[in-house]
Amino acid sequence: MKKWNYTLPAMAAGGEQVLQKLNEQGYDAFFVGGCVRDELMHRTVTDMDITTSATPEQVIALFPDSIPTGLQHGTVTVRSNGHHYEVTTFRTESGYEDFRRPTEVQFVDRVEDDLKRRDFTMNAIARNVTGDLLDPFSGQEDIKQGTVKCVGTPEERFEEDALRIMRGVRFASVFNFGLETDTWSGMIRQRDKLAYIAMERVRTEMDKMMAGPFPSKGVELLMDSRILEYVKSPVRLASLDRNLTGYLDKLPQQAIYRYEMLLLLLEMGSSEAGSLLREWTFSGEARDRITNMLAFHEHILSLFEKLALNMEQLEKTELLSLLRTDWIPLVLRFGREAAQDWILINRGIAVEEDIFSPAYRNLCPLLLLKAEDWTAEMNVYHVKDLALGGADLMRVTGRKGGPWLGLTMKRLLHVVALGQIPNDHDSLLDAAKKVIEDEV
């Protein structure tokens with residue numbers, strides 16, 4: 001028996017036990033899809049799907065503790081050796097609704113008929129319990145050639161499920177594969193069908209692409225195909241300079257950083273980005289993080305332009321002092337995370353690029369020399385970090401709460417972050433009293 005080399009031994013053993021039990025009862029059963037593909041590509045296998053000639057009822061009878069997760073599509077989740085496996089009956093599909101969901105599912109006896117309905121040849125390879133492969137569409141050869149190719153007629157596959165267009169781009173990007181000519185043409189001809197696909201599903205494919213090793217390749221394919229102009233919440237990438245997409249690959253392999261840089265390179269403002277990200281179903285946390293970084297960037301650019309007016313008259317030490325005086329309030333306003341993301345993103349960009357203003361090219365390297373240190377030296381980032389609480393201040397002053405309290409605490413936070421007074425109770429109380437006296 002050929003062994004699995006790129007999955008957990010317990011997972012492989014559990015899957016083989018499921019196949020053996022089905023085979024013993026006279027049913028055909030195979031591993032199929034991503035697990036077979038990833039094993040052939042020497043990639044870590046994280047889950048294992050199984051296809052079988054047994055009907056869902058027959059699978060449930062064999063595995064009494066199984067979970068009927070998708071009976072209408074023939075899928076049962078089987079537990080084995082501490083792992084879960086989606087076991088799906090051989091089937092064909094037809095009558096696709098909204099270019100996504102089949103309205104008719106027909107169970108069939110032959111695995112070859114089941115493989116015909118799959119999206120790409122690399123995902124239409126079946127493996128039996130002994131490790132022998134069934135590959136009717138030459139998926140192994142396409143993997144060797146580094147090609148994403150549709151099973152059968154591309155236009156039919158994309159009309160059945162338009163999300164496959166995004167999946168094709170994602171596979172090409174993550175695997176650094178090329179798109180077979182007819183598959184690419186089919187994507188272009190059927191891209192209007194993406195308007196029927198929920199944005200959450202489109203974003204999920206984008207997330208996987210942006211978290212992969214070669215997001216620049218995916219972005220360039222999206223630019224060339226213009227397919228994002230056809231989704232429910234369209235995005236135009238035409239203004240993006242192709243020479244800059246490579247910067248995406250240099251960032252840590254997390255989608256959030258790549259999205260931040262992409263929107264920055266598109267010169268999208270924080271307000272516009274916030275609306276777009278909401279339409280694309282980003283979580284509130286991700287949306288806030290990205291828009292805070294973009295707003296931070298907008299203020300830094302304004303600062304650069306202001307300083308550039310007198311730059312020739314200022315010494316380096318004076319410039320650094322002015323940059324620090326503005327940097328720290330921005331960290332307090334938009335958060336330490338926004339500042340750290342801004343540093344990471346801008347360190348990944350070659351400032352000599354002509355798309356950036358002379359002020360940016362001159363001042364950004366200088367700011368990046370010290371910004372991280374300034375941020376760490378602040379020690380306080382929120383009012384709650386102060387050694388004096390609002391309740392203490394009201395008790396000592398004898399004043400009731402009101403707008404004055406929040407304003408005073410913010411002023412204290414500002415001067416402590418700038419290092420103008422220490423963060424101790426007595427110093428803060430003295431400073432607060434002075435602020436109150438000045439108001440009076």
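How many cavities of 30 Å³ or more does a search of the whole structure find? The search finds 1. I'll come to its lining in a moment. One caution before that: this is a predicted model.

So, the cavity. The largest cavity has a volume of about 140 Å³. Which residues line the largest cavity? Going along the chain, they are Met206, Leu228, Val235, Leu237, Tyr259, Leu262, Leu263, Leu266, Leu276, Leu277, Trp280 and Phe282. Sort that lining by type and you get 12 nonpolar residues, no polar ones and no charged ones. Two helices each supply at least two residues of this lining: helix H12, residues 255-265, and helix H13, residues 270-279. H12 gives the most, with 3 residues.

Stay with H12, and turn to a pocket. The second largest pocket has a volume of about 250 Å³. It is lined by 15 residues, and the closest to its centre are Leu264, Glu267, His297, Leu301 and Phe356. H12 supplies at least two residues of the lining here, and so does helix H14, residues 284-308. Which helix gives the most to the lining of the second largest pocket? That is H14, with 6 residues. The make-up of this lining is 9 nonpolar, 3 polar and 3 charged. Set that beside the cavity, where the lining has no polar and no charged residues.

Next, charges. Side chains of opposite charge can pair when their charged atoms come close. Across the whole structure, the search finds 23 salt bridges. I'll show three.

Start with Arg167 and Asp119. Their side chains meet in a salt bridge, 2.8 Å from N to O. This pair links distant parts of the chain, 48 residues apart. Arg167 is in helix H7, residues 163-175. Asp119 is in the loop between helix H4, residues 111-116, and strand S8, residues 126-127. Is Asp119 buried or exposed? Asp119 is buried, because its relative accessible area is 8% and the limit for buried is under 20%. Arg167 has 22% relative accessibility, so it counts as partly exposed.

Next, Glu155 and Arg189. The closest N and O atoms in this salt bridge are 2.4 Å apart. Here too the pair links distant parts of the chain: Glu155 sits in helix H6, residues 154-160, and Arg189 in helix H8, residues 181-190. The two are 34 residues apart. Glu155 is partly exposed, with a relative accessible area of 29%.

Then Arg110 and Asp113. This salt bridge has its closest N and O atoms 3.2 Å apart. Arg110 counts as partly exposed, at 42% relative accessibility. The pair also belongs to a network: Arg110, Glu112, Asp113 and Lys116 are linked by salt bridges.

Back to the loop between H4 and S8. Met122 is found there. Met122 is buried, with a relative accessible area of 0%. Take Met122 and Val111: they are 11 residues apart in sequence, and their C-alpha atoms are 16 Å apart in space.

Now the rings. A pair of aromatic rings is described by the distance of the centres and the angle of the planes. The whole structure has 12 aromatic pairs. One of them is Trp4 with Phe31: the ring centres are 5.0 Å apart and the planes stand at 80 degrees, so this pair is edge-to-face. Trp4 lies in the segment before helix H1, residues 9-24, and Phe31 in strand S1, residues 29-32, so the pair ties together parts that are 27 residues apart in sequence. Buried or exposed, these two? Both Trp4 and Phe31 are buried.

Trp4 has another neighbour. Arg127 lies over the face of Trp4, at 4.1 Å from the ring centre. There is a similar arrangement at Trp404, with Arg399 over the face of the ring at 4.3 Å from the centre.

One last group of rings. Which residues form one aromatic cluster? Phe120, Phe158, Phe171, Phe175 and Phe177.

To recap. The cavity is lined by 12 nonpolar residues. The second largest pocket takes 6 lining residues from H14. The loop between H4 and S8 holds Asp119, which pairs with Arg167 in H7. And Trp4 has Phe31 edge-to-face, with Arg127 over its face. That's the tour. Questions, please.

Methods: Residues are numbered from 1 along each chain as its sequence is written. This is a predicted model: local features need pLDDT of at least 70, side-chain atom pairs count only at pLDDT 80 or more; totals for chains, interfaces and linings use all residues. Side-chain values use heavy atoms; hydrogens and water are left out. A salt bridge is a side-chain nitrogen of Lys or Arg within 4 Å of a carboxyl oxygen of Asp or Glu. Buried means under 20% relative accessible area, exposed over 50%, partly exposed in between (1.4 Å probe, protein chains only). Helices (H or I, at least four residues) and strands (E, at least two) are DSSP runs, numbered from the N terminus. On a 1 Å grid over the protein atoms alone, a cavity is a set of points where a 1.4 Å probe fits but cannot get out, and a pocket is an open set with protein on both sides within 12 Å along at least five of seven lines; lining residues have an atom within 4 Å of a point. Grid points are joined across faces, edges and corners, and a volume is the space filled by probe spheres set on the points. Ala, Val, Leu, Ile, Met, Phe, Trp, Tyr, Cys and Pro count as nonpolar, Asp, Glu, Lys and Arg as charged, and the others, Gly among them, as polar. Rings of Phe, Tyr and Trp (its six-membered ring) pair if their centres lie within 6.5 Å; planes under 30 degrees apart count as stacked, over 60 as edge-to-face and the rest as tilted. A charge sits over a ring if NZ of Lys or CZ of Arg is within 6 Å of the ring centre and within 35 degrees of the ring normal.
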